[in-house]
Amino acid sequence: MFSFLGKMAKLRPVKAVIFDMDGLILDTEKVYQTVFADICKKYNKPFPIQTRLKVLGTTERKSCAITVEDCQLPCTVDDFVKDYKTLSLQRLGNCDILRGAERLIRHLHDNDVPIALATSSGEDSVKVKTKNHQELFQLFHHKVMGSSDPEVKEGKPAPDIFLIAAQRFKEKVEPEECLVFEDAPNGVTAARAAGMQCVMVPDEKTSEELCQEATLVLKSLEDFKPEEFGLPPFKL
């Protein structure tokens with residue numbers, strides 16, 4: 001995967017930044033992949049890459065529902081959700097920060113750029129995943145947790161979570177003044193539907209075709225140049 005501008009992309013200055021979490025800030029996607037694969041294995045079914053890409057960025061329950069249907073599992077969605085919550089909470093407590101994420105978050109915070117978190121995960125899951133990084137995650141002005149926030153009626157790829165995140169900044173910010181960071185195609189679609197620019201840092205297995213909606217595609221957050229969006233540049 002290499003860096004490129006999306007189709008017809010023209011970078012505009014922004015006033016606020018919204019981050020996804022899983023697969024962008026925290027290295028959780030490999031854990032999720034094994035959780036889903038292990039549950040499917042319980043029913044002697046594979047967890048194919050096509051289904052994995054389809055569930056990236058969606059709410060927890062929707063991810064489970066998609067997997068049950070796609071993999072034709074002989075269980076209810078509720079059964080799958082129960083197994084999913086048990087396994088994920090057991091395994092997600094020691095997630096590492098991905099390259100470039102901490103530097104960028106601290107840089108924006110130190111330069112008084114409003115930042116928010118917009119994750120499809122629920123509150124319980126977020127607590128487990130961030131327990132070793134609490135100081136870093138306290139730098140966000142607010143967090144919108146899609147699987148447990150009653151105001152988020154539809155998960156990604158619907159724009160709800162990003163529109164709500166924009167509304168909760170202390171100072172009024174219009175959607176077009178927000179920049180979203182995402183790793184998943186569903187998240188990019190949601191950001192663009194919200195009228196926001198979106199920088200995508202995709203999983204290495206994500207095809208270039210699934211990255212076309214993004215404003216800018218990067219291999220890593222280390223490659224991001226804040227000044228391209230009118231934000232304070234990194235100090236040399």
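Which residue in strand 4 is the bridge partner of Leu117? In this predicted model, local features need pLDDT of at least 70 and side-chain atom pairs count only at pLDDT 80 or more, while totals for chains, interfaces and linings use all residues. Residues are numbered from 1 along each chain as its sequence is written, and side-chain values use heavy atoms, with hydrogens and water left out.

The partner of Leu117 in strand 4 is Lys143. Helices (H or I, at least four residues) and strands (E, at least two) are DSSP runs, numbered from the N terminus, and two strands pair if DSSP finds at least two bridges between them. Strand 3 runs parallel to strand 4 (residues 142-145), joined by 4 bridges. Strand 2 (residues 16-19) is also parallel to strand 3, with 3 bridges, and here Phe19 has Leu117 as its bridge partner. Of the 5 residues of strand 3 (residues 115-119), 5 are buried (under 20% relative accessible area, 1.4 Å probe, protein chains only), so the strand is largely enclosed by the rest of the structure. Ile115, Leu117 and Thr119 cover one side, and Ala116 and Ala118 the other.

Turning to the rings, those of Phe, Tyr and Trp (its six-membered ring) pair if their centres lie within 6.5 Å; planes under 30 degrees apart count as stacked, over 60 as edge-to-face and the rest as tilted. The count comes to 9 aromatic pairs. Tyr32 and Tyr84 are stacked, at 6.1 Å centre to centre and 15 degrees between the planes. Tyr32 lies in helix 1 (residues 29-42) and Tyr84 in helix 4 (residues 77-91), so this pair ties together parts 52 residues apart in sequence. Phe36 and Tyr84 form a tilted pair, at 5.5 Å and 50 degrees.

Note on methods. Buried means under 20% relative accessible area, exposed over 50%, partly exposed in between (1.4 Å probe, protein chains only).
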